[in-house]
Amino acid sequence: QVQLVESGGGLVQAGGSLSVSCAASGIIFSINTMGWYRQAPGKQRELVATITNGGSTNYADSVKGRFTISRDNAKNTVYLQMSSLKPEDTAVYYCNYQGPWLGEQRSYWGKGTLVTVSS
């Protein structure tokens with residue numbers, strides 16, 4: 001099993017910055033991807049950004065140039081630095097950890113942390 005503990009989030013004005021982090025513990029896959037997804041009220045969960053343990057990143061078009069994902073492999077922690085925030089970035093942000101384990105692709109989710117951007 002993998003446990004994901006998220007921290008950060010909160011309320012910020014439009015144009016401001018905020019960061020969230022997520023620490024993984026338990027079974028650590030030698031090859032893994034950590035990332036952030038978000039779900040706004042009434043909408044489906046969507047990708048925000050992911051990063052592999054090799055450092056390859058992927059961003060949603062809506063956050064490119066504004067959000068930066070990074071990770072500390074020694075701490076099994078992923079960070080998301082958000083800047084130039086917009087009201088439409090308001091959502092619950094979920095941490096995700098996935099990788100191969102015993103021949104299967106496993107995926108784990110955090111409980112989510114709320115980010116609210118006021119206009």
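Biologist: Which residue does a disulfide join to C22?

Modeller: Keep in mind that this is a predicted model. Two cysteine sulfur atoms count as a disulfide when they lie within 2.5 Å. Here the S to S distance is 2.1 Å, and the partner joined to C22 is C95.

Biologist: Nice! Is the disulfide of C22 and C95 left-handed or right-handed?

Modeller: For this we look at the torsion about the S-S bond. That torsion is about -85° for C22 and C95, so the disulfide is left-handed.

Biologist: How many residues apart in sequence are the parts that C22 and C95 tie together?

Modeller: Let's place each cysteine first. C22 lies in strand 3, residues 18-26. C95 lies in strand 9, residues 91-101, so the pair ties together parts whose separation in sequence is 73 residues.

Biologist: Are C22 and C95 buried or exposed?

Modeller: The cut-off helps here: a residue under 20% relative accessible area counts as buried. C22 falls in that class, and C95 does too, so the word for the pair is buried.

Biologist: On to the rings! How are the planes of F29 and W101 arranged: stacked, edge-to-face or tilted?

Modeller: The structure holds four aromatic pairs, and F29 with W101 is one of the pairs, with ring centres 5.9 Å apart. Planes under 30 degrees apart would be stacked, and over 60 edge-to-face. The planes of F29 and W101 stand at 35°, so the pair is tilted.

Biologist: Where do F29 and W101 lie?

Modeller: F29 lies in the loop between strand 3 and strand 4. The pair ties together parts 72 residues apart in sequence, because W101 lies in strand 9.

Biologist: Which of F29 and W101 counts as buried?

Modeller: Compare their relative accessibility with the 20% cut-off for buried. W101 has 31% and counts as partly exposed. At 2%, the residue that counts as buried is F29.

Biologist: Which residues join F29 and W101 in one aromatic cluster?

Modeller: A cluster brings several rings into one group. Besides F29 and W101, this cluster includes Y97 and Y108.

Biologist: Which residue has its charged end over the ring of W109?

Modeller: W109 is partly exposed, with a relative accessible area of 39%. A charged end sits 4.5 Å from the centre of the W109 ring. That charged end also sits over the ring of Y94, 3.7 Å from its centre. The residue is R45.

Conventions. Residues numbered from 1 in each chain as written. Predicted model: local features only at pLDDT ≥ 70, side-chain atom pairs only at ≥ 80, totals over all residues. Heavy atoms only, no water. Helix = DSSP H or I, 4+ residues; strand = E, 2+ residues; numbered from the N terminus. Buried < 20%, exposed > 50% of the residue type's maximum accessible area, 1.4 Å probe, protein only. Phe/Tyr/Trp six-rings, centres within 6.5 Å; stacked < 30°, edge-to-face > 60°. Lys NZ or Arg CZ within 6 Å of the ring centre and 35° of its normal.
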